[in-house]
Amino acid sequence: MAHEQRSRSRLSRTGDTRDTDDMAMLLAPRLAHFAGVARTEHVTRAAQEMQVPQSTLSRAMVRLEQDLGVELFARHGRTVSLTPAGRTFLTSVERALAEIGRAADEVRADADPATGKVAFGFLHTMGAETVPGLLHAFRADHPRIRFSLVQNYGEAMLERLRAGELDLCLTSPVPEAPDLVARRLDEQKLRLVVPVDHRLAGRRRIRLAEAADETFVTLEPGYGLRRITDDLCAQAGFKPRIAFEGEEAETLRGLVAAGLGVALLPPPAFPRPGVVELTVTAPRAAREIGVAWLAGRPDTPPVAAFKKFLLGKRGILLPT
């Protein structure tokens, strides 16, 4: 009776998540020992195979039964056999240990210097040309490193960095936050894009103030390029009149080509018919591109190699 009371006091039946977590932490160190004894049905033989003292293993099995409040083994001298409860428990324990083994294999594989994985985020505007070129150059020396690629706008990528879903990201503007490390890599000039039949289409250069009366198409709020557009227009002395908001620069070019407005955009990967791209002389229209990562997080060897590669691209990241 005293044994049953002790067991019940250890095993909570409230269903509270904290009780479940506590029980998992209590049982976890003994599960592999239990599986070994169950497999051999002999404590001495299991102790030899697992290279632990027999007395330690015997005490662990007794303690496991006490913590569960269930008899897992029937003892027969030096040998043991599983009770029905023990067989039920073994099935789940073997699944859990196999899952732990798979997880260990996965994280070791991702950290392997030659064949590991890098979770890399970048802006949509860098996906057509810049990032493929970077990956091609990097894999010349690291041909088997794998990449998980994510295209998104800047703030969303920083959130994924903080959540541990990305190792590195190329973004703009270069973030300033105490929990992040960011390094400027390059600068990209922005152009005023107008329809081919626009009144300004015959120009090569323009002051942004000359477009104060134009209708703009822009990226949605929250995008770095939208913030830069708003700031540049403010420097030019006006607030842009916005007709359409989108999520990709090339979509905005299509809207411009359709005569639905003008836009401040980085150069396209390939020339787009139906638009003319004007150099903005004032204010200075450019955006900084940088690489960011979470401060204090240790790098796996493949992440460290790719980070070093990116930092070596300062000033030559973008195609000229």
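**Pockets, sheets and salt bridges**

The lining of the largest pocket comprises 10 nonpolar, 6 polar and 8 charged residues. The model is predicted. In this model, the largest pocket has a volume of about 570 Å³. A total of 24 residues line the largest pocket. Nearest its centre lie Gln-188, Pro-266, Pro-267, Pro-268 and Ala-269. Two elements, β6 (180–189) and α9 (249–257), each give two or more residues to this lining. Of the elements, β6 gives the most, with 4 residues.

The second largest pocket has a volume of about 160 Å³. Its lining consists of Pro-173, Arg-227, Ile-228, Asp-231, Leu-232, Arg-284, Ala-286, Arg-287 and Glu-288. Here the elements giving two or more residues are α8 (224–235) and β13 (286–294). Helix α8 gives the most to the lining of the second largest pocket, with 4 residues. By class, this lining holds 4 nonpolar and 5 charged residues, and no polar ones.

Two open sheets were examined. One has 5 strands, in the order β4-β3-β5-β13-β6, and its pairing is mixed. Its edge strands are β4 (146–151) and β6, and each of them pairs on one side only. Neighbouring strands of this sheet are turned against each other by 20° on average, with direction ignored. Strand β3 (residues 117–122) runs parallel to β4, and 6 bridges join the two. Within β4, Gln-151 stands opposite Phe-122. This sheet also has links to the pockets. Edge strand β6 gives 4 residues to the lining of the largest pocket. Strand β13, placed between β5 and β6 in the strand order, is among the elements that give two or more residues to the lining of the second largest pocket.

The other sheet is also open, with 4 strands in the order β8-β12-β7-β11 and mixed pairing. Strands β8 and β11 (263–265) stand at the edges, each with a single partner strand, so one side of each has no neighbour in the sheet. The average turn between neighbouring strands of this sheet is 45°, direction ignored. Strand β12 (residues 275–282) runs antiparallel to β7 (residues 191–195), and 5 bridges join them. Val-194 has Val-276 of β12 opposite. On the β8 side, the pairing is parallel, and 3 bridges join β8 (residues 205–207) to β12. Arg-205 has Thr-279 of β12 as its bridge partner. Ile-206 stands opposite Val-280 in β12.

Side chains of opposite charge can pair when their charged atoms come close. A search of the whole structure finds 20 salt bridges. One of them joins Glu-210 to Arg-203, at 3.0 Å from N to O. Both partners are partly exposed: Glu-210 has a relative accessibility of 25%, and Arg-203 has a relative accessible area of 34%.

A second salt bridge pairs Asp-230 with Arg-226, and its closest N and O atoms are 3.2 Å apart. Both residues lie in helix α8, 4 residues apart, about one turn of the helix. The accessibility of the two partners falls into separate classes. Asp-230, at 29% relative accessibility, counts as partly exposed. Arg-226 has a relative accessibility of 10%, which is under 20%, so it counts as buried.

Elsewhere, salt bridges with shared partners join Arg-184, Glu-187, Arg-284 and Glu-288 into one network. Within it, Arg-184 forms a salt bridge with Glu-187, and the closest N and O atoms are 3.7 Å apart. Arg-184 is partly exposed, at a relative accessible area of 40%. Glu-187 is partly exposed as well, at 25%. The network also has links to the second largest pocket. Arg-284 and Glu-288 are among the residues that line this pocket.

Methods. Residues are numbered from 1 along each chain as its sequence is written. This is a predicted model: local features need pLDDT of at least 70, side-chain atom pairs count only at pLDDT 80 or more; totals for chains, interfaces and linings use all residues. Side-chain values use heavy atoms; hydrogens and water are left out. On a 1 Å grid over the protein atoms alone, a cavity is a set of points where a 1.4 Å probe fits but cannot get out, and a pocket is an open set with protein on both sides within 12 Å along at least five of seven lines; lining residues have an atom within 4 Å of a point. Grid points are joined across faces, edges and corners, and a volume is the space filled by probe spheres set on the points. Ala, Val, Leu, Ile, Met, Phe, Trp, Tyr, Cys and Pro count as nonpolar, Asp, Glu, Lys and Arg as charged, and the others, Gly among them, as polar. Two strands pair if DSSP finds at least two bridges between them. Axes are lines fitted to C-alpha atoms, for helices over the stretch in contact, and angles run from 0 to 180 degrees between N-to-C directions. A salt bridge is a side-chain nitrogen of Lys or Arg within 4 Å of a carboxyl oxygen of Asp or Glu. Buried means under 20% relative accessible area, exposed over 50%, partly exposed in between (1.4 Å probe, protein chains only).
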